[in-house]
Amino acid sequence: MQPVVLEPRRAPVTKRPPRMSLAARRALTAYAFLVVPVLFFVGIRILPTLYAFGMSFFTDDGQGPTLANFRAMLADDTFRRALGNTLLYVVITVPAQMAIGLVLALMIGRVRHLKGFYRTVYFLPYITSVVAVSWVWRLMYDPNSGIINEVLGWFHIPAQLWLRDPHEALLAVSIVMIWQNMGFAMLIFMAGLEAIPRSFLEAARVDGAGAWQTFRWVTWPLLNPTLVFLAVTGVISALQTFTQIENLTGGSGGQAGGPLNSTVSMVVYVYNAGFNDFNLQYASAVTVVLFLLILLVTLVQLKVLNRAYEY
Amino acid sequence: MARRTSIGVWVIHLLLWIGVVVVAFPFVWMILSSFKSLPEFYQFHFWPAQWDLSAYRQVFTETQYGRWYFNSIVVAVVVTASELFFASLVGYTLAKFRFRGNQLIFILILSTMMVPTELLVIPWYVMSAQFGWVDTYWGIMFPGLMEAFGVFLMRQFMFGVPDDLLDAARIDGMSEFRIFLQVALPQVKPALSALGILSFLGNWNAYLWPVIVVSTESMRTLPIGIGMFSTADNGGLQWNVIMAMSTLAVIPIIILYFIFQKRIVEGIALTGVKS
């Protein structure tokens with residue numbers, strides 16, 4: 001806003017009061033449109049973020065800023081388990097769902113009929129409720145009467161304990177995540193493949209390149225931005241795994257994350273610390289670590305993307 | 001040559017069909033299981049011995065399922081409407097107005113995209129406890145009323161709205177708000193529908209925040225209702241009831257998805273590519 005300047009009195013002229021310039025009036029409109037959203041983002045996102053950081057440096061005994069929560073975290077076996085499991089979820093699910101998604105996109109790209117049908121069906125799990133599908137999978141994994149063991153039995157493969165076996169449970173949860181997310185990868189790959197100019201592929205064919213060579217030297221490099229996008233969004237969402245684990249492993253006498261903490265993830269750990277044990281400061285400290293992990297992934301993404309555009 | 005390609009294509013179709021079975025089977029299994037009686041779950045049965053509707057009866061007589069459905073619809077519709085309105089208003093303003101602080105506000109909003117919900121739920125909970133928002137519709141909805149991603153997306157699309165169109169409306173004497181509503185918004189319909197679909201699905205399926213802020217049975221949304229009912233230890237899992245609940249929650253979404261699949265699939269691909 002301009003400061004008000006008193007002007008020397010002029011001869012009274014019958015003029016309207018000075019009007020704001022067009023630019024100033026439009027700026028005022030913009031501020032009027034933005035005032036509520038800016039208050040919202042500051043009040044509901046930014047201040048709470050700072051508050052969470054602040055909380056993580058305090059404990060219940062009223063001591064001033066301290067690193068006690070972070071020290072307790074490092075000393076806690078369950079936290080280390082949660083961190084390790086979370087990284088396992090990332091390492092297992094992201095490459096698998098991307099590889100399956102890419103193969104599906106390439107296969108659907110090769111057929112002429114039923115393209116839309118395949119795309120629709122493969123994408124279906126991505127839009128359905130995680131809670132509902134987790135319970136269906138939990139039923140299918142049931143060691144005694146689940147259909148998965150039944151089908152394995154047809155091939156004389158012994159029944160597995162799946163979610164009840166500490167060595168298999170994390171893999172069983174990962175399979176559900178892959179099943180649900182591969183359709184998204186497929187969809188994004190399909191869009192990425194369609195964006196590749198046909199003339200490039202034809203030029204490669206004219207030069208005598210086979211299917212594999214064309215894929216390796218034309219398609220794959222041009223898919224780079226798609227790969228980076230899927231890798232980053234996949235890693236970030238795998239770092240935040242929660243709902244599947246709660247519903248696949250929770251209840252019936254056991255806390256989610258079992259058996260023996262074999263499936264506990266960072267967010268499940270946060271939830272148990274914050275809302276079962278009601279240690280909100282400690283839980284905040286864990287979310288700060290999660291935030292830093294996600295930030296790291298984002299920074300790596302920026303670096304990789306910049307490099308991709310260099311050549 | 002022609003023969004070889006056609007065999008190749010048949011093999012691809014075959015593989016894709018195997019995939020279709022794997023992907024779709026859990027949904028078929030969910031529906032079949034919802035019609036079984038509870039004892040049937042102790043041995044393996046493929047088809048229900050007889051199509052038993054008692055699970056569905058139990059859903060509506062023993063739980064507040066109807067209420068959860070209503071809650072889910074209210075939350076998803078209100079939050080989606082709010083997000084669409086504010087995302088496009090802010091996106092439009094940032095794209096089409098020149099004023100001091102434009103960049104700053106954009107960066108401020110964008111920076112909130114890096115903060116995961118998990119970090120925010122604890123302060124939100126403290127806030128809700130302080131202001132009496134726990135276990136209310138407002139409490140469930142307030143965090144989602146605006147999203148940075150939506151602002152980012154709509155800003156991208158609003159850049160594409162021709163300035164001439166807006167100026168013409170100004171010369172006609174339209175108010176700035178009406179120009180936004182009646183001239184700019186219709187230009188970005190595809191983006192609005194894409195964002196609307198994403199937001200609706202996200203809220204319909206939301207779990208982490210609602211499970212924290214809801215404390216009474218009657219305020220649960222569908223995912224919380226299903227999850228809480230199923231994990232509650234009331235003498236073993238009532239699989240048929242759980243499957244009936246899941247079926248009722250999932251089938252309407254699947255039907256809507258098949259009706260609008262082109263728009264949904266393309267909308268999600270569009271937002272994925274744009275970002």
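Before I turn to the loops, a word on terms: when I say helix, I mean a DSSP run of H or I with at least four residues, numbered from the N terminus. Please also keep in mind that what you see here is a predicted model.

With that in place, let me begin in chain B, where Asp135(B) sits in the loop that runs between helix H5 (117-131) and helix H6 (137-141). Most residues other than glycine have a negative phi. Asp135(B), although not a glycine, has a positive phi of about 65 degrees. As for its surroundings, Asp135(B) has 15 C-beta neighbours inside 10 Å and so counts as partly exposed.

Chain A offers a residue to set beside that one, namely Trp162(A), which is not a glycine either and yet has a positive phi of about 50 degrees. Trp162(A) belongs to the loop between helix H6 (147-154) and helix H7 (169-194) of chain A. Is Trp162(A) buried or exposed? Trp162(A) is buried, because 22 other C-beta atoms lie within 10 Å, and the cut-off for that word is 20 or more.

Let me finish with the domains of chain A, which is divided into domain 1 (22-69) and domain 2 (75-308). Taken over C-alpha atoms, the centres of these two domains of chain A are separated by 32 Å. Where they touch, eight residues of domain 1 of chain A are in contact with seven residues of domain 2 of chain A. On the domain 1 side of that contact, helix H1 (residues 22-55) of chain A gives the most, with three residues. By character, the residues on that side of domain 1 of chain A divide into four nonpolar, three polar and one charged.

Methods: Residues are numbered from 1 along each chain as its sequence is written. Chains are lettered from A and ligands numbered from 1 in the order in which they are written. This is a predicted model: local features need pLDDT of at least 70, side-chain atom pairs count only at pLDDT 80 or more; totals for chains, interfaces and linings use all residues. Helices (H or I, at least four residues) and strands (E, at least two) are DSSP runs, numbered from the N terminus. A residue is buried if 20 or more other C-beta atoms lie within 10 Å of its own, exposed if 12 or fewer, and partly exposed in between; C-beta atoms are placed from the backbone. Domain bounds come from an automatic or database domain assignment. Two residues are in contact if their C-beta atoms, placed from the backbone, lie within 7 Å. Ala, Val, Leu, Ile, Met, Phe, Trp, Tyr, Cys and Pro count as nonpolar, Asp, Glu, Lys and Arg as charged, and the others, Gly among them, as polar.
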